[in-house]
Amino acid sequence: MTPTEAAWLAGFLDGEGSFMVTRSFRKTCAAPTYIAVVAAANTDIRLVERCKTLAGGCIVGIKSKSDRWKDAYHWTLKGVGVGPVLVEIIPYLVSKKRQAELLLHLRSLTRIGSPPGRNSTRKTLEEVDQRTSVYIAVRDLNKRGPRNPTYAAMSERRINGDRGALLDLMEAAQ
């Protein structure tokens, strides 16, 4: 991806995109699985096709529920493919830069190439704790309305290695 293409993708995602972490629980896993996700939706298929051309991922068409609305297209990139794209676009992001940095941090905590389910029993409590903290921090950044500064500070403390911060975060979330 050229610097111009990375800047375009960053601008599009800053305005129309989402940086998320999905969490899933499986009966065969001792710990939850966290996956970094970058997504964008638009009614102009050319824009989401450009995202796919630049970064990979997949596109799904969404039929409108009303004749007055246009059909939409949803582009998603997740898992292993997220890391290299984030490295290229982070310098150009503005409003969603912190979410992207947290997703990149989550990718650094993930053992790439491990089959889901088999490796989860080998995760230490500290590894699960760090991944959970990233999940909570991204979720907090993506919430509508004003952020709770105490909650945000606890989230940052945990990501930076403060062991007691996750319990504080979980209590504040309830």
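**Group meeting: aromatic pairs and helix packing in a predicted model**

Let me begin in helix 5, where Ala-137 has its place. Ala-137 is buried, its relative accessible area being 4%. Its C-alpha atom and that of Val-21 are separated by 9.6 Å, although the two residues are 116 apart along the chain. I should say at once that this is a predicted model.

Let me now turn to the overall architecture. The protein chain contains 7 helices and 4 strands. Read from the N terminus, the elements follow the order α-β-β-α-β-β-α-α-α-α-α. Of the 174 residues in the protein chain, 40% are buried. If we take the contacts between residues at least 6 apart in sequence, 60% of them join residues at least 24 apart.

I come next to the aromatic residues. How many aromatic pairs does the structure hold? There are 2 aromatic pairs. One of them is formed by Trp-8 and Phe-12, with 5.3 Å from centre to centre and 5° between the planes, and this pair is stacked. Both residues belong to helix 1, which spans residues 3–16, and they are 4 residues apart, about one turn of the helix. Is Trp-8 buried or partly exposed? Trp-8 is partly exposed, because its relative accessible area is 24% and the buried class requires a value under 20%. Phe-12, with a relative accessible area of 9%, is buried.

The rings of Tyr-34 and Tyr-135 have their centres 5.5 Å apart; their planes stand at 45°, and the pair is therefore tilted. Where do these two tyrosines lie? Tyr-34 is in strand 2, residues 33–42, while Tyr-135 is in helix 5, residues 125–142, so the pair ties together parts that are 101 residues apart in sequence. Tyr-34 is buried at a relative accessible area of 8%, and Tyr-135 is likewise buried, at 13%.

Allow me to return to Trp-8 for a further interaction. Arg-50 lies over the face of Trp-8, at a distance of 4.4 Å from the ring centre.

Helix 1 also takes part in helix packing. Its axis and that of helix 3, residues 82–89, come within 9 Å of each other and cross at roughly 100°. Why are the two helices described as roughly perpendicular? The crossing angle is roughly 100°, and angles from 65 to 115 degrees count as roughly perpendicular, so helix 1 and helix 3 are roughly perpendicular to each other. On the side of helix 1, the contact is made by Ala-6, Leu-9, Ala-10 and Leu-13. Helix 3 contributes Val-85, Glu-88 and Ile-89.

I turn now to the strands. Ser-18 is found in strand 1, which covers residues 17–24. Ser-18 is partly exposed, with a relative accessible area of 30%. Which residues does Ser-18 contact once its neighbours within four places in sequence are left aside? They are Val-37, Val-38, Ala-39 and Lys-96. From C-alpha to C-alpha, Ser-18 and Ala-40 are 6.1 Å apart in space, with their positions 22 residues apart in sequence.

Further along the chain, Lys-63 lies in the loop between strand 3, residues 58–62, and strand 4, residues 72–78. Lys-63 counts as exposed, at 66% relative accessibility. The C-alpha atoms of Lys-63 and Tyr-73 are separated by 8.6 Å, and these residues are 10 apart along the chain.

Finally, a word on the cysteines. How many disulfides does a search of the whole structure find? The search finds 0 disulfides. Cys-51 is buried, with a relative accessible area of 0%, whereas Cys-58 counts as partly exposed, at 41% relative accessibility.

To close, I would draw attention again to two results. The tilted pair of Tyr-34 and Tyr-135 ties together parts that are 101 residues apart in sequence. Helix 1 carries the stacked pair of Trp-8 and Phe-12, and helix 1 is roughly perpendicular to helix 3.

Conventions. Residues numbered from 1 in each chain as written. Predicted model: local features only at pLDDT ≥ 70, side-chain atom pairs only at ≥ 80, totals over all residues. Heavy atoms only, no water. Disulfide = S-S within 2.5 Å. Buried < 20%, exposed > 50% of the residue type's maximum accessible area, 1.4 Å probe, protein only. Phe/Tyr/Trp six-rings, centres within 6.5 Å; stacked < 30°, edge-to-face > 60°. Lys NZ or Arg CZ within 6 Å of the ring centre and 35° of its normal. Axes fitted to C-alpha atoms, helices over the stretch in contact; angles between N-to-C directions. Parallel < 35°, antiparallel > 145°, perpendicular 65-115°, else oblique. Contact = heavy atoms within 4.5 Å.
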